[in-house]
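Work through the exercises below with the model open. Each task is followed by a solution in steps.

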Amino acid sequence: MSTLKENLLKKIEAHRPRTTRLLKEYGDVKISEVTISQAIGGARGVRCLVTDTSYLDPMEGIRFRGKTIPETFAALPKYPGSEYPSVESFWWFILTGEVPTAEQAEEVIADFKKRRKVPQYVFDVLRAMPRSSHPMAMFSAAITAMQGESIFAEEYRKGLGKMDMWQPMYEDASNLLAKLPVIGAFIYRLKFKDDSQIPSNPDLDFGGDFAHMMGVDKPYDDVARMYFILHSDHESGNVSAHTIHLVASALSDAYYALSAGINGLAGPLHGLANENVLRWTQDFMKKLGGQEPTEEVIKKALWDTLNSGQVVPGYGHAVLRKTDPRYTSQMEFCQKHLPDYPLFKVINMIYKVAPGVLMEHGKAKNPWPNVDAQSGVIQWYYGVTEYSFYTVLFGIGRAIGTLANITWDRALGYPIERPKSVTTAMLEDAAGVK
Ligand code: AMX
């Protein structure tokens, strides 16, 4: 057993009695109530999921295993020669809640290298799809195509005890995660670089190899590490994480569960917003015809979008009520690496104007930017200008937290998810509508 798996086993054994005790002794304690507006309105704010990998506070933003984003980056060992930690060290951290040593992180890097090879049939499937397919459709198809590799599904067929389920889930999660950079970069080069593929470099870590296969020079390896970690987890009520948890609760394996979540991430109100931010910004800059944008011009573009009934992409959030710290973290990266980049200046100008416009518009509960408002600028600066690819990057990142989460779901024996629905007539009855 790997050191990570051994550590995880200890954590699981220590955690199980906590869950058992809560269920046995405190199962009837109320933590939430549901109103009619929550039942109709997408269960907003209903506390009915348990997730230990991360927690999202509306004012503070995300904490991974109790640490804010800056604390996480400061605590984890940096990848040698890099300003950021490896994704592999973060995988250790999000799974166990403990910061790995540099040696332990190295061990995971070595383990992931062994799991990295993608079966040839996955590339054949992707090549058989129309080149016009959206990169997210390709990404989801590639993950589903690999379902036959699932150790969990095979062991389940043979007969698997409930408390042992986490082990094959852990193996599937690790195998699947290690392959995602190869699949992502393959889709990018298939679709946008005439299928000129760059083979994986066995000397590199998750983020470094991704940058190498994308064909983008340093410091894009650090951009990849930062990006994947920032997008990894946002507790489990969001569409992608919730879908992955829900599908896995039927004891579907990690391949089925992750591809389902990727399909949810592909929606414009969720992950696709990062593509739409760049499309929106580029469209409006094109209209300016090279003219320097002013705050007045941006204000008008924002009102035009709102008045045509569309949402301003990259702004608003279902939980957050302040600027997303993932936005801030990427803004700080831009301030350091590309302070004078014109597109960054435009994004900053939008940040100055958009919250005021959204407040005046009076609908959005949160007028502040989310993670997607800033992420495309960095990609664009390093030459990845094909913005329909951006949500695949988000998906690779999101896989980290959600695969850790479903490993824990199986470790703690969480049951199949099945909330109760009611009819409109029942709501009317409950409300006493005549
Ligand atoms: N532009 C215009 N209108 C907005 C808005 C925005 N950025 N954000 C919210 N609103 C509107 C909603 O559409 C809703 O209008 P309605 O009453 O006519 O239906 C109203 O304001 C109230 O919505 P809310 O309670 O503030 O937000 P929500 O929880 O329903 O939705 C979100 C959250 C993110 C879907 C929404 O803010 C949005 O559409 N933002 C733009 C798309 C985006 O950036 N998505 C990415 C989010 C982060 C992520 O998951 N990657």
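**Exercise 1. The ligand shell**

Task: In this predicted model, sort the shell around the ligand by residue class, then find which residues are closest.

Solution.
- Step 1. Sort by class: the shell holds 11 nonpolar, 5 polar and 4 charged residues.
- Step 2. Count the shell with a cut-off of 4 Å between heavy atoms. The ligand is surrounded by 20 residues.
- Step 3. Pick out the closest: H270, G314, Y315, K365 and D372.

**Exercise 2. Polar contacts and cover**

Task: Which polar atoms of K363, K365 and N370 lie by oxygen atoms of the ligand, side-chain or backbone?

Solution.
- Step 1. Take K363: a polar atom of its side chain is 2.8 Å from a ligand oxygen.
- Step 2. Take N370: here too a polar side-chain atom is involved, 3.0 Å from an oxygen atom of the ligand.
- Step 3. Take K365: a polar backbone atom lies 2.7 Å from a ligand oxygen.
- Step 4. Add the cover. On its own, the ligand has 880 Å² of accessible area, and the protein covers 77% of it.

**Exercise 3. Two crossings on α19**

Task: Describe how helix α19 crosses α7 and how α19 crosses α12.

Solution.
- Step 1. Choose the descriptors. A packed helix pair is described by the angle between the two axes and the distance between them.
- Step 2. Apply them to α7 (residues 135–145) and α19 (residues 390–411): the axes come within 8 Å and cross at roughly 35°. This crossing is right-handed.
- Step 3. List the contacts. P135, M136 and F139 of α7 meet T391, V392, G395 and I396 of α19. By class, that makes 5 nonpolar, 2 polar and no charged residues.
- Step 4. Turn to α12 (residues 239–249): its axis and that of α19 come within 10 Å, crossing at roughly 35°. The handedness is right-handed.
- Step 5. List these contacts. From α12 come S240, A241, I244, H245, A248 and S249; from α19 come R398, T402, I406, D409 and R410. The classes are 4 nonpolar, 4 polar and 3 charged.

**Exercise 4. Backbone exceptions**

Task: What is notable in the backbone at P219 and at A43, and where do P219 and A43 sit?

Solution.
- Step 1. Recall the background: most peptide bonds are trans, and most residues other than glycine have a negative phi.
- Step 2. Check omega. K218 and P219 are joined by a cis peptide bond, with omega about 5°. P219 sits in the loop between α10 (206–214) and α11 (220–230).
- Step 3. Check phi. A43 is not a glycine, yet its phi is positive, about 60°. A43 belongs to the loop between α2 (36–40) and β1 (54–57).

Note on methods: Residues numbered from 1 in each chain as written. Predicted model: local features only at pLDDT ≥ 70, side-chain atom pairs only at ≥ 80, totals over all residues. Heavy atoms only, no water. Polar contact = N/O pair within 3.5 Å; in protein donor to acceptor, adjacent residues only side chain to side chain. Areas by Shrake-Rupley, 256 points an atom, 1.4 Å probe, with all protein chains shown as cover. Nonpolar A, V, L, I, M, F, W, Y, C, P; charged D, E, K, R; others polar. Axes fitted to C-alpha atoms, helices over the stretch in contact; angles between N-to-C directions. Helix = DSSP H or I, 4+ residues; strand = E, 2+ residues; numbered from the N terminus. Left-handed = near helix turned anticlockwise from the far one by under 90°. Contact = heavy atoms within 4.5 Å.
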